[in-house]
Amino acid sequence: MPALLTTIIEPFRIKVVEPIRMTTPAQREAILCGAGFNPFLIAASDVVIDLLTDSGTGAMSSEQWAGVMRADESYAGATSFFRFRDALRGITGFEHVLPTHQGRASERILFELVGGEGLIVPSNAHFDTTRANVEHSGAQAIDLRLPEASDPSNPHPFKGNMDIAALEALIASHGRARFPLVMCTVTNNSGGGQPVSLENLRAIRAVCDRHNLPFFIDACRFAENACFIKKREPGQSHRPVREIAREMFDLADGATISAKKDGMVNIGGVLLIRDAALFRRACNLLILTEGYVTYGGLAGRDLEAMAQGFEEVLDEDYLAYRLRSTEYLGERLRAHGIAIVEPPGGHAIYIDARSLCPHIPAAQFPGQAVVCALYRVGGIRACEIGSVMFGGEGRTPPPMELVRLAIPRRVYTQSHIDYVAEAAGEVFRQRHSLRGLRIVEAPPVLRHFSARFEEIEA
Ligand SMILES: *Cc1c(COP(=O)(O)O)cnc(C)c1O
């Protein structure tokens with residue numbers, strides 16, 4: 001028997017390269033101060049490794065770029081639309097497929113149709129744009145996380161699951177009429193990129209059936225979620241990921257998708273709706289603000305790139321590499337003594353900043369202190385997910401102070417990731433000297449994008 005090799009490699013070769021501009025610690029110090037200690041205000045060309053988000057930051061394949069050239073830019077009925085529609089039909093089983101410019105456009109259309117004053121939209125955890133669109137319609141967005149999800153060290157395999165008992169109780173206490181639909185985000189981005197089990201999705205479906213409620217999925221990372229189901233859920237390891245993904249979609253009445261994640265493109269989104277009447281109303285709104293139904297605010301080349309990207313993301317070698325390389329970063333951080341949200345998620349590793357910097361109170365933003373240290377040490381751009389993002393006057397303080405290292409798809413190699421781990425190890429050694437911050441300037445909403453800070457003297 002030949003030996004079976006166990007090293008998981010990047011399952012692609014590099015044909016086009018983009019230079020990274022290296023910076024010195026002194027340059028980074030000046031850049032960080034100039035940006036008010038907020039990485040959103042740093043120019044991308046001043047970043048060595050950019051882990052701000054995995055949204056729209058992936059690399060496209062040679063086949064996607066070929067599609068870009070082949071694309072049909074006709075206004076109506078373009079060949080590229082039919083390729084896109086048929087790819088989505090094949091993967092999801094939904095007959096009605098609308099292209100949108102990104103996930104939030106799908107959400108805006110959906111909640112303009114089904115939302116409204118006095119209504120309640122439950123979810124395992126709403127993504128921030130989903131919540132904003134639900135609330136913009138006048139409805140209330142409610143998260144029903146598992147209790148395990150608020151404990152970073154708890155290794156529950158499906159921490160993204162919805163609390164089914166809490167869903168039942170919510171519907172019982174408010175009455176069915178106040179619920180336009182039930183939503184579930186796969187994987188759960190706000191909770192550490194944690195997956196939702198098939199068992200949990202089936203249970204949500206059963207609750208919806210009992211109360212005659214539609215069930216919609218926020219399916220941005222459907223392929224990563226399906227791969228986690230294959231790896232972690234009893235009885236699923238023999239099934240192709242594509243088949244598991246199909247079962248996830250079969251359980252739903254609709255889905256909103258940002259193709260900037262598992263669609264493997266730089267821009268694009270999808271809205272899937274089973275009900276023909278609701279679909280027709282969505283078409284009317286799409287035409288009003290996005291574009292005609294066969295392009296939805298995108299170019300034909302974007303539709304080609306999506307058609308190909310949604311196929312490529314279901315490649316099991318790609319998914320094995322994707323989940324393994326994220327887990328690898330988690331292992332390296334753990335080995336340095338850094339506490340992370342366990343178990344590692346699909347698209348990102350989340351550092352538990354509260355445990356790294358117990359000397360910095362939530363009001364002085366421990367996550368932002370870690371974000372600044374990562375930039376100083378290695379030019380690494382990460383994202384605070386804690387009191388900067390969710391705190392402020394009149395808001396419930398977030399349960400965790402996290403720093404997200406989001407991994408763009410097919411962009412960085414293992415040596416880039418080793419560099420990130422080494423820099424994080426250095427931040428860990430300096431942890432006692434990290435300083436808290438205070439906000440000197442911030443807008444009233446979504447302050448994390450543009451707030452400016454100053455460091456508090458030790
Ligand atoms: C990114 C994202 C969205 C919104 O998509 P955009 O393309 O950024 O508008 C919605 N839900 C989840 C879970 C996401 O990750």
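**Figure 1. Surroundings of the ligand in the predicted model.** Of the 14 residues around the ligand, those that come nearest are R104, D218, R221, S258 and K261. Two members of this group are shown with their polar atoms: the side chain of S258 places an N or O atom 2.7 Å from an oxygen atom of the ligand, and a polar side-chain atom of R221 is found 2.9 Å from a ligand oxygen atom. Q102 also approaches the ligand, with an N or O atom of its side chain 2.9 Å from an oxygen atom of the ligand.

**Figure 2. The two domains of the chain and the contact between them.** The domain assignment places residues 25-54 and 315-455 in domain 1, and residues 62-312 in domain 2. Domain 1 is thus assigned as two segments of the chain, whereas domain 2 is assigned as one. To the contact, domain 1 brings 22 residues and domain 2 brings 31 residues. Taken over C-alpha atoms, the centres of domain 1 and domain 2 are 27 Å apart. The size of an interface is often expressed as the accessible area that is lost when the parts come together. Between domain 1 and domain 2 about 2,300 Å² is buried, and carbon and sulfur atoms account for 54% of this area.

**Figure 3. Polar and charged pairs across the interface of domain 1 and domain 2.** Between the two domains, 15 residue pairs are in polar contact, both residues having pLDDT 80 or more. Helix 12 (316-335) and strand 9 (348-352) each contribute at least two residues to the side of domain 1 that touches domain 2. The largest contribution to this side is that of helix 12, with five residues. Sorted by class, the side of domain 1 that touches domain 2 holds 10 nonpolar, nine charged and three polar residues. Side chains of opposite charge can pair when their charged atoms come close. Six salt bridges are found across the interface of domain 1 and domain 2. In a close-up of one salt bridge, the side chains of D262 and R409 meet at an N to O distance of 3.2 Å.

**Figure 4. The salt bridge of R21 and D46.** The count of salt bridges comes to 35. In the pair shown here, the closest N and O atoms of R21 and D46 are 2.5 Å apart. This salt bridge links distant parts of the chain, the two residues being 25 residues apart. R21 belongs to the segment before helix 1 (25-34), and D46 to the loop between helix 1 and strand 1 (49-50).

**Figure 5. Backbone geometry at F37.** F37 is located in the loop between helix 1 and strand 1. Although F37 is not a glycine, its phi is positive, at about 55°.

**Figure 6. Two cis peptide bonds, at V186-T187 and at E342-P343.** V186 and T187 are joined by a cis peptide bond with omega about -20°. T187 is part of the loop between strand 5 (182-185) and helix 7 (198-211). A cis peptide bond also leads from E342 to P343, where omega is near -15°. P343 is situated in the loop between helix 12 and strand 9. Helix 12 and strand 9 are also the elements named in Figure 3 as each supplying at least two residues of the side of domain 1 that touches domain 2.

Definitions and conventions. Residues are numbered from 1 along each chain as its sequence is written. This is a predicted model: local features need pLDDT of at least 70, side-chain atom pairs count only at pLDDT 80 or more; totals for chains, interfaces and linings use all residues. Side-chain values use heavy atoms; hydrogens and water are left out. Domain bounds come from an automatic or database domain assignment. Contact means heavy atoms within 4.5 Å. Buried area is the accessible area (1.4 Å probe) that two parts lose on being put together, summed over both. A salt bridge is a side-chain nitrogen of Lys or Arg within 4 Å of a carboxyl oxygen of Asp or Glu. A polar contact is a pair of N or O atoms within 3.5 Å; within protein, one must be able to donate a hydrogen and the other to accept it, and residues adjacent in sequence count only if both atoms are side-chain atoms. Helices (H or I, at least four residues) and strands (E, at least two) are DSSP runs, numbered from the N terminus. Ala, Val, Leu, Ile, Met, Phe, Trp, Tyr, Cys and Pro count as nonpolar, Asp, Glu, Lys and Arg as charged, and the others, Gly among them, as polar. A residue is near a molecule or strand if one of its heavy atoms lies within 4 Å of it.
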